[in-house]
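Let's take a look at what links one part of this chain to another. Have the sequence and the 3D view handy as you read.

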Amino acid sequence: QVHLVESGGGLVQAGGSLRLSCAASGSIFVISAMGWYRQAPGKQRELVATITSGDSTNYGDSVKGRFTISRHNAKFAVYLQMNSLKPEDTAVYYCFADVISGTVLTNYWGQGTQVTVSS
């Protein structure tokens, strides 16, 4: 079993910054992709950013140029630096990890961390 724990959410004013962290623990051999999605009240979950084991990144259009994703492979961790935050960034942010064990890839999710941006 693998567990993901997010941290770093909170309340910030528009224009401010936050850094989210997510660490995986448990029966981990290799982690392929990691990343973040978010879900605002009444909206569907949307892509924020993903990063592969080779550090290739992909961002949702709404966060390009403001958010930066990174990872620390030895710590099984992924980070999200969020700058120039806007009220529309308010959401629960979920991290995920694609864990490879042998020939099996399993997708795991964290419990989510709330980010609230005030205007």
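## The sulfur link

The link of Cys22 and Cys95 is right-handed, with 40° about the S-S bond. Keep in mind that this is a predicted model. The sulfur atoms of Cys22 and Cys95 sit 1.9 Å apart and form a disulfide, and the structure holds one disulfide.

So what does this pair tie together? Cys22 is part of strand S3 (residues 18-26), while Cys95 belongs to strand S9 (residues 91-101), so the disulfide joins parts that are 73 residues apart in sequence. Cys22 and Cys95 are both buried.

## Salt bridges around Asp89

Now for the charged side chains: the count comes to four salt bridges. One of them pairs Arg38 with Asp89, at 2.9 Å from N to O. Arg38 lies in strand S4 (residues 30-39) and Asp89 in the loop between strand S8 (77-82) and S9, so this pair ties together parts 51 residues apart in sequence. Both Arg38 and Asp89 are buried.

Asp89 also meets Arg66 in a salt bridge, at 2.8 Å from N to O. This pair links distant parts of the chain too: Arg66 is in the loop between strand S6 (57-59) and strand S7 (67-72), Asp89 is in the loop between S8 and S9, and they are 23 residues apart. Arg66 is buried, just like Asp89. Add Glu46 and you get a network of salt bridges linking Arg38, Glu46, Arg66 and Asp89.

## Asp61 and Lys64

Another salt bridge joins the side chains of Asp61 and Lys64, at 3.1 Å from N to O. Is Asp61 buried or exposed? Its relative accessibility is 65%, so Asp61 counts as exposed.

Notes. Residues numbered from 1 in each chain as written. Predicted model: local features only at pLDDT ≥ 70, side-chain atom pairs only at ≥ 80, totals over all residues. Heavy atoms only, no water. Disulfide = S-S within 2.5 Å. Helix = DSSP H or I, 4+ residues; strand = E, 2+ residues; numbered from the N terminus. Buried < 20%, exposed > 50% of the residue type's maximum accessible area, 1.4 Å probe, protein only.
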